[in-house]
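Subject: Structure for your files, with notes

Dear colleague,

I am passing on the structure we spoke of, and I would be glad if you could read the notes below with it open beside you.

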Amino acid sequence: MTWIASTAHPAAQRCWGQECIVYDIDSGNTHLVTPLAAEVLRELQNRPCNLETLVEVVLQHSVNDAEPPALSEMQTALSTILDDLARIDLIRWSAP
Amino acid sequence: MADEKNQEVIPTVDGSRRRFTSAGVAATGVVMSLAARPVLGCTSSEAALSPSGWSSINASRCVGPASTVSLGKSPGFWKHEGREWPTSVPKTTLYRSVFPVCTPPFNNSQAAYTLLDALQPQVVNNEFGRLIATAYLNAVSRKTAPYLRPEQVVQMATGSFLPSTGGKVWDTTTIIAYLKITFD
């Protein structure tokens with residue numbers, strides 16, 4: 001399953017520490033999201049991705065000298081994030 | 001003018017890519033949403049009344065009588081209605097013939113009653129079934145056509161309704177809360 005950003009214009013975002021604000025230009029809605037969700041959205045605004053690709057991208061950005069998230073943990077978290085972002089219409093499934 | 005507006009909200013990304021540790025992997029992605037509000041007062045819109053729009057609305061949003069979109073009719077209206085009752089769904093239509101799969105709190109014995117029976121608490125005392133029957137009649141008669149279609153009501157009744165692609169199936173509590181704002 002491949003996901004893409006569903007907004008006509010890229011949603012604007014700004015992060016402060018562990019809080020990120022996403023402004024959906026198309027709908028006018030504003031969302032408070034986690035940094036990981038913001039990263040996922042940025043990636044999907046650049047290109048369509050499936051879950052496996054997103055896991056790879058995010059794990060590449062894991063801190064080397066700290067405890068990285070487990071693969072299963074990241075897959076579960078990203079699945080939830082994809083559901084959440086789809087629920088607020090920022091992303092959607094892409095036709096194969 | 002529109003271009004100038006877009007200039008102000010060009011996506012802004014922090015200079016360095018974020019890094020994630022296990023502590024940064026939260027259990028949720030979206031903490032809260034603030035829906036854009038109409039400039040003038042508390043008016044609903046078709047987008048806000050659609051299931052996906054409604055699920056994004058934050059608690060502080062004013063959901064009141066809509067002035068810009070038509071709402072459906074209440075269970076009490078349909079209970080007594082003769083002329084506007086949709087001809088494609090006779091009053092003798094069995095609940096189970098429209099909604100073949102019953103999900104709690106509506107049960108199979110209650111589904112053996114008609115749609116008209118389901119509207120009457122003295123006959124079938126079940127709020128979920130009453131709201132589903134009401135929403136279905138409103139959708140079939142196109143009173144809620146812009147934002148709620150008959151097939152969506154069927155999905156709600158049979159426990160398979162997804163407000164948006166990739167979302168989560170709505171539970172009974174969510175469906176009841178949503179359907180209550182779709183009629184006068």
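What follows is an account of what was found, beginning with chain A as a whole and ending with chain B.

Please keep in mind throughout that this is a predicted model, and that the values quoted below were computed from it.

Chain A

The secondary structure of chain A consists of three helices and six strands, and these elements are arranged along the sequence in the order β-β-β-β-α-β-α-α-β. Of the 96 residues in chain A, 52% are buried. Among the contacts in this chain with a separation of 6 or more, 53% join residues that lie 24 or more positions apart. The area that chain A exposes comes to about 4,500 Å², and 51% of that area is supplied by carbon and sulfur atoms.

Helices H1 and H3 of chain A

The packing of two helices deserves a closer reading. Helix H1 of chain A, which covers residues 35-46, and H3(A) have axes that come within 10 Å of each other and cross at roughly 70°. Because angles of 65 to 115 degrees count as roughly perpendicular, H1(A) is described as roughly perpendicular to H3(A). On the H1(A) side the residues that meet the other helix are A:Leu36, A:Ala37, A:Val40, A:Leu41 and A:Leu44, while H3(A) contributes A:Met74, A:Ala77, A:Leu78, A:Ile81, A:Leu82 and A:Leu85.

Each of these helices also holds a salt bridge. In H1, A:Arg42 is paired with A:Glu39, with the closest N and O atoms 2.9 Å apart; since the two are three residues apart in that helix, about one helical turn separates them. Both partners, A:Arg42 and A:Glu39, are buried.

In H3, the side chains of A:Asp84 and A:Arg87 form a salt bridge with an N to O distance of 3.9 Å, and here again the partners are separated by about one helical turn, because they are three residues apart in the helix. Are these two partners, A:Asp84 and A:Arg87, buried or partly exposed? A:Asp84 has a relative accessibility of 6% and therefore counts as buried, whereas A:Arg87, at 25%, counts as partly exposed; the cut-off that applies is 20%, under which a residue is called buried.

A:Asp84 and chain B

A:Asp84, which belongs to helix H3 (residues 71-87) of chain A, is also worth following across to the other chain. When its neighbours within four places in sequence are left aside, A:Asp84 is in contact with B:Thr28, B:Gly29, B:Val30 and B:Lys168.

Chain B

Strand E1 of chain B runs over residues 30-34 and includes B:Leu34. With a relative accessibility of 38%, B:Leu34 counts as partly exposed. Together with B:Val31 and B:Met32, B:Leu34 makes a nonpolar surface patch of about 260 Å².

A salt bridge is found in chain B as well, where the side chains of B:Glu151 and B:Arg149 meet with an N to O distance of 2.8 Å. Both of its partners are partly exposed, B:Glu151 with a relative accessible area of 42% and B:Arg149 with one of 41%. Over all chains, the structure holds six salt bridges, and those described in this message are among them.

With kind regards

How values were computed: Residues numbered from 1 in each chain as written. Chains lettered and ligands numbered in written order. Predicted model: local features only at pLDDT ≥ 70, side-chain atom pairs only at ≥ 80, totals over all residues. Heavy atoms only, no water. Helix = DSSP H or I, 4+ residues; strand = E, 2+ residues; numbered from the N terminus. Contact = heavy atoms within 4.5 Å. Patch = residues over 30% accessible without salt bridge, like charges linked within 9 Å, V, L, I, M, F, W, Y side chains within 5 Å. Areas by Shrake-Rupley, 256 points an atom, 1.4 Å probe, with all protein chains shown as cover. Salt bridge = Lys/Arg side-chain N within 4 Å of Asp/Glu carboxyl O. Buried < 20%, exposed > 50% of the residue type's maximum accessible area, 1.4 Å probe, protein only. Axes fitted to C-alpha atoms, helices over the stretch in contact; angles between N-to-C directions. Parallel < 35°, antiparallel > 145°, perpendicular 65-115°, else oblique.
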